[in-house]
Amino acid sequence: MRFFRKSILGVLLVSTGINAAAQVIQAPSAPTSAPATLPAGVPRPTQSQAPAGQVPGQTNAPRTQQPGTTTTPQQQGTRSQNGQTGQGTGNTTQQGGRTQAGQTGQGTGTTNQQGQTTGADGKSANAADQPLEELDSGQEKTEQELLRERELAAQRRKLFGYQLFNDPANGGAFQPNVNIATPKGYVVGPNDELNINIYGFSEATYPTTVNPDGFIYIPRVGPIHVSGLTIEQAKTRIQDRLAKIYVGLKSGPYGAANTYMVITLGDIRSIRVTVTGEAIRPGTFTVSSLSTAMNVIYQAGGPSEIGSFRNVQVIRSNRVVASIDLYDFLTTGIQRNDIRLQDNDNIRFTTFKSHVEINGATRRNNIFEMLPGEPMSRLLELAGGFTSNAYKARIKVTRFTNRELKVIDVLQADFPTFATEDGDQVVVESVLARYENQVGIQGAVFRPGVYSLDQNKTLKQLITSAEGIKGEAFTGRIQIVRTREDMAIENISLNLADILNGKAPDIELKREDQVIIPSRFDMAEFAEISIVGEVITPIPATPYVSNMTLEDLILRAGGLKESAAAAQIEVVRRKKDVDVTSKSAQVSEIYRFNVDRDLSIKATDSKFALFPYDQVIVRRSPNYQEQTFVNVDGEVLIPGEYPIITKDQRISDLVKMAGGLSPYAYVEGATLVRTIQISEAEMKMRQQTITELADDSPKAVVKQDATSQDTQQLIGISLRKIINNPGSSEDMILQEGDILRIPKQLETVRVSGEVLLPTTAKFRKGQSFQDYISQAGGFTSRSARKRAYVVYANGSADRTRRFAFFNIYPRVEPGSEVIVPQQTRGELTPLQVIQSTTGIAGSIIGLVTTLVALRALAR
């Protein structure tokens, strides 16, 4: 049963596959039906679309195609599509159904208006530059072939005019204009739409289309052959035929003409043009019937690297009807012999006769095609002429001979007669980078710069052109730097003062001379003076000005400060005649002055003129002292900031100024906070010392605290002794910024460090150090009992002392903190381990030896 079910299922699957394959197979099309497939972008004709020019009810059987060929529908371009055929309404048959030959997949390539080319092998090629040598799809190109293609591409880019025909940005510039009026001489052909309009005494409209046999069909008139006629000839023939129906079209025995006829061109046909020869993209192109030769030349990409720009032939009916020189269009914009193309025209690109490359100082550096007999002047004209820096007197030409190369110098007079040859390399050089009539002047003149030698032949004339010399000019010795003919540089020294006064003759200048007039300031050493100390704006260095007095410099520094000692102003001056042989030689001098703070000019001024490099020092007055303050915080009657009235003001004086102690003041916990300032050098030295101790202490840990130049430190004082005995050694002298802190009565003790439970305990009179340790849980296994200490409320501390085998712990007071440090055991070095092991082993051996000896003596 299972086998039977599988057999039925297999039969059903095979039947379904056969039916699907049968539906895919295309049935042969009827003679009157549209082709089964259309080119991409062309819509399929509907049944309601009758062939153009065919009246309803008329049936024309299409002609059968040859066996083995594939019919491609003829595409009819419309005037509203800018001539881009292949995108209009597709008509497969036109009164007789003739199909266009040549589209069999084995014929020549076809190209649409978008630049897509179908070659003979059926492949689609892009409109961009393609290699000339195509290989089979299964064969890879060798490095030599790729190198050859790159060389050809580089050569094509250098060809004059190549870029114009292969620039994608110019795609719309060479499309035919289909929105123009019907041109005179337009030849009517198949698929052209003729709109016949009759107006006047009679009115009628006949839209017709020329069928492939060249006829149009007009009702009641019949077919009229118009193919091959110009639009004017076709109008005359149609008018003669319609005059039999509309008698008013012509004057006759019935009177003058009262009916008129106008024929306009509607949709235009497409024609096929073949491009052969040395083109970038040869092949067959389908274009609008309004296209000219230039339109197809652009689509073909122009000439190749061996194609000719000067002789592009248009062949019609086996004869050359036009020869186009593309250089006329490229250089002047004139399109000579740009004829309108007809169906089956052939555009042939011939090979070039002569290529000449020009480089250098020209506006265009390209490879140009020269016709036989064209001279060098024509090549320069094609190159756009010389640039502004070109050397025009001589052009160098490198030419191939039968054996080798040779160089030809073409003079300017020979440009119109010198004939170029194929392969010539023309180089236009630039002018020399030097001046033929230039002289220069620099230094202490009002207008230094470059001048012409023609108008400044002598030194005096050049100085006059430079608006004369400045006041600081040093005229005793000037220099002229001259370049001799052998390019050697020589220096000529002159006394300009004698030349200007007429005592010495004027000097004649030569090309490239440089006149240098020095300034007196350039020969003077730059000197400075300075003023420091108690002035408003100290000046570390300022340029020296002659005749500047001491008061002038103080005024420039903003005047004296209030703290300045006006009677102790010093001027330090360097000595210039130091006795180098003396050990006690004086190297500087000091001048002291008493300057009036008013700084007004009066008879009592010092009138001391400063010299270069003088240094002025304004000292601080020894009797000047700024107000300083100290602070008192805590349990006093009036806490706050208080001034230091006398230099010997002490802590007891500060307590009195604050109104004395409050009833809750804890005198034993009073602390003095003082700001300690250290220099940067001291801070670096302290940091270095701490670092060295940390590195050299294997059995101790040195904690490195952050150090700064301004640090606050607690100073432990005994305020009770100070109050009981004012002025004693305990009563310290106050300094600026000191802070006296008197806490409130303290009743707790803090226990921290290596204890089981760090805590804060209530102070009870009579309890000892061990009592507070017990309240914190006791010592730990790592407690350093011998190093425990107490920090009191006033900032002082007391350590544990050792007596015999006992530890004497310090006393505990209110507000103090009990601190138990941690034991630190440094790691033993290998040498220390060996020494310890050796010592222990030696001790054991000695002990054993002693026991053995004692036992022997006992026997």
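**Exercise 1.** Determine which residue of β25 is the bridge partner of Gly440, and place Gly440 within its strand pairings.

Solution. In β25, Gly440 has Gln514 as its bridge partner, in a predicted model where local features need pLDDT of at least 70, side-chain atom pairs count only at pLDDT 80 or more, and totals for chains, interfaces and linings use all residues. Residues are numbered from 1 along each chain as its sequence is written, and side-chain values use heavy atoms, with hydrogens and water left out.

Next, consider the strands themselves: β21 pairs in the parallel sense with strand β25 (residues 514-517) over four bridges, where two strands pair if DSSP finds at least two bridges between them. Strands (E, at least two residues) and helices (H or I, at least four) are DSSP runs numbered from the N terminus.

Then turn to the other partner: strand β21 (residues 438-443) and strand β22 (residues 449-452) pair in the antiparallel sense over four bridges, and here Gly440 stands opposite Val450. Five residues separate β21 from β22 in the hairpin that they form.

**Exercise 2.** Work out the strand order of the open sheet that contains β17 and β19, and find its edges.

Solution. The order is β17-β16-β20-β18-β19, an open sheet of five strands with mixed pairing. Because β17 (367-369) and β19 (405-411) each have a single partner strand, they stand at the edges, and one side of each is left without a neighbour in the sheet. From one strand to the next the twist averages 25°, with axes taken as lines fitted to C-alpha atoms (for helices over the stretch in contact) and angles running from 0 to 180 degrees between N-to-C directions.

At the β19 edge, strand β18 (residues 394-400) pairs with β19 in the antiparallel sense over seven bridges, and Thr398 has Val407 of β19 as its bridge partner.

**Exercise 3.** Carry out the corresponding analysis for the open sheet that contains β32 and β34.

Solution. This open sheet has five strands in the order β32-β31-β35-β33-β34, and its pairing is mixed. The edge strands, each pairing on one side only, are β32 (640-643) and β34 (710-716). Direction ignored, neighbouring strands of this sheet are turned by 25° against each other on average. Strand β33 (residues 671-677) runs antiparallel to β34 and is joined to it by seven bridges; Asp710 in β34 is the bridge partner of Gln677.

**Exercise 4.** Classify Asn191 and Asn337 by backbone phi, location and accessibility.

Solution. Start from the general expectation: most residues other than glycine have a negative phi. Asn191, although not a glycine, has a positive phi of about 75°, and Asn337 likewise has a positive phi, of about 60°. Asn191 is found in the loop between α3 (162-165) and β6 (193-200), whereas Asn337 lies in the loop between α6 (326-331) and β15 (346-351). For accessibility, buried means under 20% relative accessible area, exposed over 50%, and partly exposed in between (1.4 Å probe, protein chains only). Asn191, at 9%, is therefore buried, while Asn337, at 42%, counts as partly exposed.

**Exercise 5.** Describe the surroundings of Leu550.

Solution. Leu550 is found in helix α10 (residues 550-556) and is buried, with a relative accessible area of 0%. Leaving aside residues up to four places away in sequence, Leu550 touches Ile569, Val571, Phe593, Val595, Ser606, Phe608, Leu610 and Val616, contact meaning heavy atoms within 4.5 Å. Leu550 and Ala609 are 59 residues apart in sequence, yet 6.5 Å apart in space, C-alpha to C-alpha.
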